[in-house]
Amino acid sequence: MTSHGPVLPIWSCGGCGQPWPCPTRRQELRGEYADAPVSLARYLGASFVQAAEDMPWAPAGPLHRRFIGWTRPPREGQRRRTAPVPAEPDR
């Protein structure tokens with residue numbers, strides 16, 4: 001059991017406070033789903049949809065990269081973008 005689970009509705013990591021999935025949880029998920037990449041994609045896709053509902057101020061592109069984009073290596077010659085997702089809207 002991991003301590004790096006999401007804290008909802010802000011989607012921060014309960015173990016380290018970074019945006020979820022944090023680097024530690026990503027590594028754990030890679031190991032847990034090593035033989036089931038489609039299941040990992042489904043799990044993260046469902047998390048992405050829920051996060052988008054919980055954080056309507058978050059831009060879709062960075063949110064997608066945060067939840068799903070890290071699961072595939074970038075194509076050759078392509079840089080990986082790492083724009084942060086805002087924690088909450090400006091008021």
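A residue counts as buried when its relative accessible area is under 20%. By that cut-off Cys22 is buried, because its relative accessible area is 0%. This residue is a convenient place to enter the structure, which is a predicted model. Cys22 sits in the loop between strand 2 (12-13) and helix 1 (23-32). Beyond its neighbours within four places in sequence, Cys22 is in contact with His4, Cys13 and Cys16. In space, the C-alpha atom of Cys22 lies 9.1 Å from that of Pro6, with the two positions 16 residues apart in sequence.

The overall layout can be given briefly. The protein has 3 helices and 2 strands, and from the N terminus on these elements follow the order β-β-α-α-α. Of its 91 residues, 25% count as buried. Among contacts with a separation of 6 or more, 38% join residues that are 24 or more positions apart.

The cysteines invite a closer look at their sulfur atoms. A disulfide requires two cysteine sulfurs within 2.5 Å. For Cys13, the closest cysteine sulfur belongs to Cys22 and is 3.6 Å away, so the pair is too far apart for a bond. Cys16 is in no disulfide either, with the sulfur of Cys13 as its nearest, at 3.6 Å. The count for the model is therefore 0 disulfides under the 2.5 Å cut-off. The surroundings of these cysteines can be described as well: Cys13 is buried because its relative accessibility is 4%, while Cys16, at 36%, counts as partly exposed.

His4 belongs to this neighbourhood too. It is found in the segment before strand 1 (6-7), and a relative accessible area of 13% makes His4 buried. Leaving aside residues within four places in sequence, His4 is in contact with Cys13, Cys16 and Cys22, and also with Gly15, Trp20, Thr24, Arg25 and Glu28.

Attention now turns to the helices. Two packed helices are described by the angle between their axes and the distance between the axes. The axes of helix 2 (residues 37-54) and helix 3 (residues 60-67) come within 9 Å and cross at roughly 145°, and the crossing is right-handed. On the helix 2 side the contact is made by Leu44, Ser47, Phe48, Ala51 and Ala52, and on the helix 3 side by Ala60, Leu63, His64 and Phe67. These residues comprise 7 nonpolar and 2 polar, with no charged residue among them.

Leu44, a residue of helix 2, is buried, with a relative accessible area of 0%. Leaving aside its neighbours within four places in sequence, Leu44 is in contact with Leu29, Phe67, Ile68, Trp70 and Thr71. The C-alpha atoms of Leu44 and Gly69 are separated by 9.8 Å, although these residues are 25 residues apart along the chain.

In soluble globular proteins, nonpolar side chains tend to be buried together. Here, the largest nonpolar core has 10 residues: Trp11, Cys13, Trp20, Cys22, Phe48, Ala51, Met55, Ala58, Leu63 and Phe67. Helix 2 and helix 3 each supply at least two residues of this core. Cys13 and Cys22, the two cysteines of the core, thus reappear alongside residues of the helices. Another core member, Met55, is in contact with Pro9, Ile10, Trp11, Leu63 and Arg66, leaving aside its neighbours within four places in sequence.

Technical notes. Residues numbered from 1 in each chain as written. Predicted model: local features only at pLDDT ≥ 70, side-chain atom pairs only at ≥ 80, totals over all residues. Heavy atoms only, no water. Buried < 20%, exposed > 50% of the residue type's maximum accessible area, 1.4 Å probe, protein only. Axes fitted to C-alpha atoms, helices over the stretch in contact; angles between N-to-C directions. Helix = DSSP H or I, 4+ residues; strand = E, 2+ residues; numbered from the N terminus. Left-handed = near helix turned anticlockwise from the far one by under 90°. Contact = heavy atoms within 4.5 Å. Nonpolar A, V, L, I, M, F, W, Y, C, P; charged D, E, K, R; others polar. Core = buried A, V, L, I, M, F, W, Y, C linked by side-chain atoms within 4.5 Å.
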